[in-house]
Amino acid sequence: MTSLDPSMTRIVLFENIHPSAKEVFNAAGFDNVVTHASALSSEQLREAVRGAHVLGIRSRTQLDAAVLAEATDLRVVGCFCIGTNQVDLESAMLRGVPVFNAPFSNTRSVAELVLGEAILLLRRIPEKNDRVHQGFWDKTADGAFEARGKTLGIIGYGNIGSQVGTLAEAAGMRVIFHDVEAKLPLGNARATTSLKKFLAQADVVTLHVPGGKATENIMDAEAIASMKKGAILINASRGSVVDIDALNNALDSGHLSGAAIDVFPVEPKSRDEALKSPLIGKRNVILTPHIGGSTQESQENIGREVAEKLCHFLLSGTTKGAVNFPEISYQPTMGTARILHVHRNLPGAMGTLSNLMAEHGLNILSQQLQTKGQIGYVISDVEGKVDDTVVSVLRAHPITVRCNIV
Ligand code: NAI
């Protein structure tokens, strides 16, 4: 396919992506949408990606280099989730395929859960709920506190952390945060520089940092010991950031009074696998299966957010928000055709491209270039006839990684 024909654009969506995505594609004229209710086995996946121009996945579909190599018609990938480490991003980039995700759509869902858990844990509701279910009536105010006036400590004051702070202030909590970057405090939140001093002040500590080596076990035995006696620890970020054995010991010793854990160092890969954790069965501990961001609203928002990014890319070449690609923002189309050209990021690439266009009678009206690592991406609006011959010439040139027309 040289230029984009929406009806011929094959979109394949895996893992039960919310129907809001299909609605967005259909409204933009893309009717050829195939949906799969789950992730496929690697053999089935390789078969399913052949002939696809767009792939939409969630966290369980692994798009590694081998799978991407099968997808020779692929133009763009949408991760209908936050994380993108299930995709070989470099391999996709080197094939000229941008990858998009939905970094903000479930922020509110996580923030609401965290505040709810903080309030329930301060009142020791998990263990009280458990006792009443067993027929006991332990009516007491011992160890039960209001959230009002308590200090919430947020580690990682990004999209989610800052929303948690805003909600917590509305419930009358005092908010402090610790971040490795300088962040504008919202409301009356206050930044703290020393993690140790921060931990010593907070009645509830909640983590909202990225995963990876830099944040591994930031809540280790020493950090947990620095928390106030009777404090509460909440982690809905990544399983690697809390030393679970140290947390377990702190709960056993009574140093911490409760915890809520949504993410685990090792998480079951499917519903059929059991979770293994020393925290199972502990009083005043809320355990949830990585559902911090999983609400109907967030799924719908994610479906819409990613599908819109994919449509913008397909219809205008814009790559704003792509995680592995030079980013070019939307510009209105000029001239008779728009050429999307991905090339090796080498000296003279732009000159070569412009010369090739000129040799085929194309007058460049507007050009936007961005580079990232090994590739450059240029959107050219041209006047003139962009036929199959021109496109073949552009595609065949050694600097070209990919060339499409919209
Ligand atoms: P973000 O990137 O907007 O914010 C992360 C913040 O952490 C940034 O402000 C960054 O400067 C800060 N940070 C990084 N390293 C730090 C360190 N060592 N100490 C203190 N601060 C540090 O990320 P966002 O969107 O707020 O997500 C936060 C976490 O929540 C991520 O790990 C994400 O994977 C997780 N998440 C979990 C969900 C769930 O279902 N439980 C759903 C959505 C996101």
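How many disulfides does the count come to? The count comes to 0 disulfides in this predicted model. The views below take up the cysteines, then the salt bridges.

**View 1. Cys81 is in no disulfide.** The nearest cysteine sulfur belongs to Cys79 and lies 5.1 Å away. A disulfide needs two cysteine sulfur atoms within 2.5 Å, so this pair does not qualify. Cys81 is buried, because its relative accessibility is 12%.

**View 2. The sulfur of Cys311 is too far from any other cysteine sulfur for a bond.** Its closest cysteine sulfur is in Cys79, 16 Å away, so no bond forms here. Cys311 has a relative accessible area of 5% and therefore counts as buried. A disulfide is a covalent bond between the sulfur atoms of two cysteines.

**View 3. Glu47 and Arg50 meet in a salt bridge.** The contact joins their side chains, with N to O at 2.7 Å. Glu47 counts as exposed, at 52% relative accessibility. The cut-off for exposed is over 50%, so Glu47 falls on the exposed side. Arg50 reaches 38% relative accessibility and counts as partly exposed.

**View 4. Arg50 also forms a salt bridge with Glu70.** The closest N and O atoms of Arg50 and Glu70 are 3.0 Å apart. This pair links distant parts of the chain, 20 residues apart. Arg50 sits in the loop between helix 2 (42–49) and strand 3 (54–57). Glu70 belongs to helix 3 (residues 65–70). Glu70 is partly exposed, with a relative accessible area of 25%.

**View 5. Lys385 and Asp387 meet in a salt bridge.** Their side chains are 3.8 Å apart, N to O. The rule asks for a nitrogen and a carboxyl oxygen within 4 Å, so the pair counts. Lys385 is exposed, at 64% relative accessibility. Asp387 is partly exposed, with a relative accessible area of 26%.

**View 6. Arg46, Glu47, Arg50 and Glu70 form one network.** Salt bridges that share partners join these four residues. Arg50 is one such shared partner: Arg50 bridges to Glu47 and to Glu70. The structure holds 18 salt bridges, among them the Glu47 and Arg50 pair, the Arg50 and Glu70 pair, and the Lys385 and Asp387 pair.

Technical notes
Residues numbered from 1 in each chain as written. Predicted model: local features only at pLDDT ≥ 70, side-chain atom pairs only at ≥ 80, totals over all residues. Heavy atoms only, no water. Buried < 20%, exposed > 50% of the residue type's maximum accessible area, 1.4 Å probe, protein only. Helix = DSSP H or I, 4+ residues; strand = E, 2+ residues; numbered from the N terminus.
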